[in-house]
Amino acid sequence: MSHVLEIAPAERHGQAILEWLKERGAADGALAAKAGGVLLDLNAPLPESGKIEILTFDDEEGRETYWHTASHIMAQAVQHLYPQVKLAIGPAIAEGFYYDFDCPQPFTPEDLERIEKEMAGIVQADLPVKRIEMEKQKALDFFGKQGQPYKVEILQEIPDEKVACYQQGDFTDLCRGPHLPSTGAVKAFKLLSVAGAYWRGDERKPMLQRIYGAAFPSQEQLEEYLRKRDEALKRDHRRLGRELDLFSLPETIGGGLALWHPKGALVRYIIEEFWRQEHLKRGYQLVFTPHIAHRRLWEISGHLDFYAEGMYGPMMIEDEEYRIKPMNCPFHMLIYKSQLRSYRDLPIRYCELGTVYRYERSGVLHGLLRVRGFTQDDAHIICTPEQVGDEVKGALDFALFMTRAFGYDELQVYLSVRSDDERGKYMGSDDDWAMAERCLQEALESREVKYERAPGEAVFYGPKIDIRLKGVPAKLAQGPTIQFDFNLPSRFGLEYIGADGQAHTPVMIHRALLGSIDRFVGALIEYYGGAFPLWLAPVQAIVIPITERHHDYAREVLARLREAGLRAEGDFRSESTSFKIREAQVQKVPYMLVAGDREQKEGTVAVRRREAGDLGPRSVADFVEQAKKEIETRGRRNC
Ligand SMILES: [Zn+2]
Ligand SMILES: [Zn+2]
């Protein structure tokens with residue numbers, strides 16, 4: 001971890017920080033420094049006085065410095081090998097680094113190996129990494145002469161008179177820094193992949209080649225990282241979606257629009273049915289609403305003001321403008337308004353699996369995670385101020401129940417509230433906000449849920465509870481939200497007649513448990529590595545006759561399983577039993593039921609479990625009973 005040192009007045013200022021650390025025997029693991037909130041190279045002169053924080057690989061900024069230096073080394077290697085290549089940018093990212101290159105031909109895996117070798121040479125040479133401050137004009141001339149148009153473009157946008165460059169050997173890059181003191185400080189590295197990336201993420205700009213890499217202070221750390229990465233790649237929902245035939249996103253349809261294949265659709269159907277049943281149990285009412293609506297609805301709701309960039313363009317019907325819905329809420333407001341409501345009617349809880357369409361740039365689309373059309377598990381609770389405390393608690397209980405039902409035991413919970421500054425940008429009165437925050441906080445505390453306050457994370461129309469799922473990649477982790485809304489009830493003029501005979505504005509809460517069904521299924525696929533628990537598995541059991549003379553018995557077993565409501569299939573191909581078992585394993589089928597002479601004679605099946613292997617013979621009735629129990633308890637993934 002970082003450690004903080006005090007610079008004594010008598011110290012030799014102007015000496016490089018690294019030298020100073022060495023003299024004190026404190027240079028081990030040091031990568032960069034920080035003083036007065038400013039990041040410094042270890043080659044930088046020691047500040048006059050005060051505290052100096054020494055950053056190591058355990059610190060985020062230390063790692064970033066490490067990875068950013070590795071990206072410079074990679075760019076230098078690329079420049080040596082392919083002098084015609086133009087350099088764009090090369091930052092550190094959450095888990096490593098990349099550099100974007102404009103080159104006529106995409107890099108091949110062999111190219112990456114060549115680049116790695118060249119990088120090894122640069123590391124071996126242990127070139128000092130020097131910071132050079134220069135006039136902006138001088139830098140413009142320098143990079144212009146070098147034929148680096150992207151650097152020139154970046155420079156032209158920098159308002160400062162002076163800019164910083166970093167130089168190592170024959171390589172100079174425009175860069176804010178900081179960097180490691182020399183190229184030899186990068187110990188173990190690997191180039192991982194190449195992908196196309198638009199300059200500045202803009203589809204109208206040139207397509208660049210992005211090389212991703214990883215670097216670590218030791219070979220062991222690198223190998224550990226690569227092992228984990230491999231594991232994550234195997235769990236990638238896009239890959240598993242293809243291998244298990246769950247869904248696809250063909251280019252023919254356009255970006256970000258998913259097709260749910262039969263097995264994926266079955267998983268989704270099971271989830272949605274479970275969702276509906278649980279809502280009905282809790283006094284929610286199911287509704288359905290259209291996919292498009294007249295422009296005036298989006299004017300009333302305000303979406304055309306504050307959400308226009310997320311909506312797709314107008315379509316005309318009889319010269320009137322319609323829009324595709326980005327959200328379901330306005331429709332639910334109108335259902336509420338279809339009648340005069342009394343306090344006796346409240347709370348009202350509408351729920352819908354509503355498919356919405358939102359604008360996403362093609363550059364950010366990603367499997368089921370970022371799509372242009374997706375189904376939201378939406379609900380709106382409309383109630384009196386007296387009821388809202390219980391309603392929030394009910395919604396929180398429901399959220400916790402749902403996440404646990406799917407096997408997510410570890411959650412990260414946030415109470416998202418206003419930021420202290422910029423109060424003006426929020427809807428609703430201070431009293432509204434205080435009441436809403438109190439409700440959310442009380443609900444969390446009464447359920448003994450550990451949470452973090454997140455100032456500034458509320459949306460403009462109300463505070464919320466955000467629950468994130470642990471055990472899935474951060475980008476997939478979005479879980480339930482419970483969100484106050486001080487905007488829509490007044491925009492739509494929602495009212496109820498109180499016990500006093502007067503009209504009042506009700507309180508409204510948006511609530512999603514799964515968020516987007518599409519993203520939720522994507523996350524589930526990764527969480528379980530495609531091996532769904534029995535209750536969610538599209539195929540729960542596969543009956544495998546050993547030879548043809550066991551076919552009739554196998555069909556009989558299959559019929560009994562289906563009769564009992566199990567999703568079972570038979571493998572009647574003339575392949576070997578071991579081949580069929582292997583294939584069922586690859587398809588992640590929870591149970592394989594082998595039927596041969598002995599089983600036929602005794603009316604049993606030889607049960608194999610996906611994870612546990614051979615479980616021995618069991619009567620068909622026993623197997624059915626046990627499987628049903630496992631489904632009922634939504635048995636966790638390991639059995
Ligand atoms: Zn840089
Ligand atoms: Zn809503």
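Which helix do His 68 and His 72 both lie in, and how many residues apart are they? Some notes from going through this one, which is a predicted model.

1. **The histidine pair.** To settle the opening question: His 68 and His 72 both sit in helix 2 (residues 60-81), with a separation of 4 residues, or about one turn of the helix. Both of these histidines are buried.

2. **The zinc site.** That pair is part of the protein donor set for the zinc ion (ligand 1): NE2 of His 68, NE2 of His 72 and SG of Cys 175, at 2.0 to 2.4 Å from the metal. Along the chain, the donors of this zinc ion are spaced as H-x3-H-x102-C. The cysteine donor is worth a look as well: Cys 175 has a relative accessible area of 10%, so it counts as buried.

3. **Cysteines otherwise.** If you plan to set up bonding terms, the disulfide count here is 0. Keep Cys 329 in mind too, since it turns up again in point 7; its relative accessible area is 5%, which means it is buried.

4. **Salt bridges, starting with helix 6.** The count for the model is 39 salt bridges. As background, side chains of opposite charge can pair when their charged atoms come close. Take Glu 224 and Lys 228, whose side chains form a salt bridge with an N to O distance of 3.6 Å. Both belong to helix 6 (residues 219-235) and are 4 residues apart, about one turn of the helix. The two partners fall into separate accessibility classes: Glu 224, at 35% relative accessibility, is partly exposed, while Lys 228 is exposed because its value is 52%, and the cut-off for exposed is over 50%.

5. **Helix 9.** Here the pair is Arg 295 and Glu 299, joined by a salt bridge at 2.6 Å, N to O. They are 4 residues apart in helix 9 (residues 295-301), so about one helical turn separates them. Arg 295 is partly exposed because its relative accessible area is 28%. Glu 299 is partly exposed too, at 39%.

6. **Helix 8 and its network.** Arg 276 makes a salt bridge with Glu 273, and the closest N and O atoms are 2.9 Å apart. Both residues are in helix 8 (residues 262-281), 3 residues apart, again about one turn of the helix. Glu 273 comes out as partly exposed because its relative accessibility is 25%. This pair isn't on its own, either: Arg 268, Glu 272, Glu 273 and Arg 276 are linked in a network of salt bridges.

7. **The largest cavity.** There are 2 cavities of 30 Å³ or more in the structure. The largest has about 60 Å³ of space. Its lining is made up of His 303, Phe 306, Met 327, Cys 329, Tyr 461, Asp 485, Asn 487, Leu 488 and His 510, so the buried cysteine from point 3 reappears here. Sorted by class, that lining has 5 nonpolar, 3 polar and 1 charged residues.

8. **The second largest cavity.** This one holds about 40 Å³ of space. Trp 275, Arg 276, Leu 286, Val 287, Phe 288, Glu 352 and Leu 353 form the lining. At least two of the lining residues come from helix 8, and at least two from strand 19 (348-357). By class, the lining splits into 5 nonpolar, no polar and 2 charged residues. Note that Arg 276 has two roles in these notes: it lines this cavity and belongs to the salt-bridge network from point 6.

Note on methods:
Residues are numbered from 1 along each chain as its sequence is written. Chains are lettered from A and ligands numbered from 1 in the order in which they are written. This is a predicted model: local features need pLDDT of at least 70, side-chain atom pairs count only at pLDDT 80 or more; totals for chains, interfaces and linings use all residues. Side-chain values use heavy atoms; hydrogens and water are left out. Donors are N, O and S atoms within 2.8 Å of the metal (3.2 Å for Na, K and Ca); water is not among the atoms, so sites may look incomplete. Buried means under 20% relative accessible area, exposed over 50%, partly exposed in between (1.4 Å probe, protein chains only). A salt bridge is a side-chain nitrogen of Lys or Arg within 4 Å of a carboxyl oxygen of Asp or Glu. A disulfide is a pair of cysteine sulfur atoms within 2.5 Å. On a 1 Å grid over the protein atoms alone, a cavity is a set of points where a 1.4 Å probe fits but cannot get out, and a pocket is an open set with protein on both sides within 12 Å along at least five of seven lines; lining residues have an atom within 4 Å of a point. Grid points are joined across faces, edges and corners, and a volume is the space filled by probe spheres set on the points. Ala, Val, Leu, Ile, Met, Phe, Trp, Tyr, Cys and Pro count as nonpolar, Asp, Glu, Lys and Arg as charged, and the others, Gly among them, as polar.
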